[in-house]
Amino acid sequence: MSDGHAKPSHDYHLVDPSPWPILGASASFVMALGAILWMKHIPIAGVKFGSFLFGAGVISLLFVLASWWTDVVKEAEFGGYHTRVVQISHRYGMILFITSEVMFFVAWFWAFFDASLFPGEAIEYSRTEFTGGVWPPKGTEALNPWRFPLLNTLILLTSGTTVTWAHHALLNGDRRGLKIGLALTILLGMIFTSVQAYEYSSAPFSFSGSIFGATFFMATGFHGFHVIVGTIFLMVCLYRAFIGQFTPKHHLGFEFAAWYWHFVDVVWLFLFAAIYVWGSWGAPMEH
C-alpha cells in the first residue's frame with residue numbers, strides 16, 4: 001500500500017514494499033505441498049499431516065489475498081493512486097488473466113475432444129478398452145441435457161443480463177439498480193451451483209473408472225469452481241456498493257467482476273453444447 005509517501009507528480013503508481021508477494025508465495029507452496037502429501041498418503045516422520053498442511057496453506061493464502069486486495073482498494077479509494085494510466089494497466093492485466101483462464105479450459109476441452117473424436121485410436125489400447133471404440137462409451141448412461149443442464153444454461157444467461165443491468169445502472173448513477181442487479185446475479189449464481197450439485201449427486205456415472213466421467217467432471221467441475229469464485233467476487237462488489245464505493249468513472253473492481261462473470265457464461269455455453277449435447281448424443285439418457 002502506498003500511503004506512506006507523498007503522491008508523485010506522474011501518472012504511474014510505484015508501489016511501496018509489501019509483504020504480501022512473499023507471504024502469498026509461501027502460502028501457495030505450503031498448500032501445494034500439503035495437497036501432494038495428502039493425495040499421495042505420504043507420511044513424514046511416520047505422521048500423515050498432509051490434510052492439515054493443505055488446510056493451513058489454504059487459510060493462509062485466503063488471508064494474504066484478502067489483505068492484499070484490501071490494500072489495493074485503499075490505494076484506489078483513498079490514496080488516489082489509480083490514475084487513468086494505472087487503470088489501463090489494470091485492464092490489460094485482467095485481460096491477460098482471463099486469457100490464461102481460457103487456455104486452462106482449452107486443456108479440458110482438448111482432453112474431451114481427443115477422447116470423443118478418436119475413441120478407437122489404434123495407439124491408445126486402454127482407451128479402446130474403456131470406450132469400445134465408440135463415443136459415448138458402450139454402456140454409458142448420460143445426463144439428459146434438456147433437463148437440469150438446460151435449466152442451468154437459462155440461469156447463467158439470465159445472470160449475464162442482471163450483471164449487465166447492474167453495470168449500466170452504475171454508469172448512470174443508479175446505485176439502487178446497481179445493488180439490485182448485483183444481488184440478483186449472486187442469487188442466480190448460488191442457484192446454478194445448487195442445481196449442479198444436485199445434478200452431480202444423481203449422475204449415472206462417476207469420475208473414476210470412466211473416461212467419459214473423468215472428462216465430464218473435470219471440465220464441468222472446474223467451471224463450477226469458477227462460478228463459486230465469481231459469486232464471491234460479486235458478493236465483495238455488493239458489499240463495496242453498500243458502503244458507498246464505486247463511481248460511474250471509477251469502478252474497476254466491479255468491472256473486472258462483470259468481465260469474469262461473462263467469461264464464466266461463455267465457457268458454460270461451450271460446455272453445454274459440446275459435452276452435454278454433442279458429447280452424449282446416442283447414449284441412453286437418465287430417467
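**Two domains and two salt bridges**

Okay, let's start with the interface: domain 1 and domain 2 bury about 490 Å² between them, and carbon and sulfur atoms give 49% of that area. Who does most of the work on the domain 1 side? Val 73, Glu 77 and Tyr 81 supply 64% of what domain 1 buries against domain 2, more than any other three residues. Keep Glu 77 in mind, as we'll come back to that residue.

Before going on, a quick reminder that what you're looking at is a predicted model. And in case you're wondering why I opened with an area, the size of an interface is often given as the accessible area lost when the parts come together.

So where are these domains? The assignment puts domain 1 at residues 13–81 and domain 2 at residues 83–277. Their C-alpha centres lie 24 Å apart. If you count residues in contact, you get six from domain 1 and six from domain 2. There are also two residue pairs in polar contact across that interface, and one salt bridge.

Let's look at that salt bridge. Side chains of opposite charge can pair when their charged atoms come close. Here the partners are Glu 77 and Arg 240, with the closest N and O atoms 3.2 Å apart. Now, how far apart are the two in the chain? Arg 240 is in helix α7, residues 211–242, while Glu 77 is in helix α2, and 163 residues separate them. Is Arg 240 buried or exposed? Arg 240 counts as buried because its relative accessibility is 12%, and the cut-off for buried is under 20%. Glu 77 comes out at 28%, so this residue counts as partly exposed.

How many salt bridges are there in total? The count comes to two. The other one joins Arg 91 to Glu 255, and there the closest N and O atoms are 3.0 Å apart. This pair also links distant parts of the chain: Arg 91 belongs to helix α3, residues 84–117, and Glu 255 to helix α8, residues 252–278, with the two positions 164 residues apart. As for accessibility, Arg 91 has a relative accessible area of 25%, so Arg 91 is partly exposed. Glu 255 is at 10%, and therefore counts as buried.

Next, a neighbour of Glu 77 in the numbering: Ala 76. Ala 76 sits in helix α2, which runs over residues 50–79. With 14% relative accessibility, Ala 76 counts as buried. What does Ala 76 touch, once we skip residues up to four places away in sequence? The answer is His 82 and His 250. For a sense of scale, take Phe 192, which is 116 residues from Ala 76 along the chain: their C-alpha atoms are separated by 32 Å.

Last topic, the annotation. The UniProt entry, which is unreviewed, gives "transmembrane region" for residues 20–39, 51–70, 90–113, 180–198, 210–238 and 259–279. What does the model show for a couple of those? Residues 90–113 are 100% helix and 0% strand, and the C-alpha atoms at the ends lie 34 Å apart. Residues 180–198 are likewise 100% helix with 0% strand, and there the end C-alpha atoms are 27 Å apart.

If you take one picture home, make it the Arg 240 and Glu 77 pair, with the side chains meeting in a salt bridge at 3.2 Å, N to O. Thanks, everyone!

Note on methods:
Residues are numbered from 1 along each chain as its sequence is written. This is a predicted model: local features need pLDDT of at least 70, side-chain atom pairs count only at pLDDT 80 or more; totals for chains, interfaces and linings use all residues. Side-chain values use heavy atoms; hydrogens and water are left out. UniProt positions are given in the numbering used here, feature names are shortened, and annotations may be inferred rather than shown by experiment. Helices (H or I, at least four residues) and strands (E, at least two) are DSSP runs, numbered from the N terminus. Buried means under 20% relative accessible area, exposed over 50%, partly exposed in between (1.4 Å probe, protein chains only). Contact means heavy atoms within 4.5 Å. Domain bounds come from an automatic or database domain assignment. Buried area is the accessible area (1.4 Å probe) that two parts lose on being put together, summed over both. A salt bridge is a side-chain nitrogen of Lys or Arg within 4 Å of a carboxyl oxygen of Asp or Glu. A polar contact is a pair of N or O atoms within 3.5 Å; within protein, one must be able to donate a hydrogen and the other to accept it, and residues adjacent in sequence count only if both atoms are side-chain atoms.
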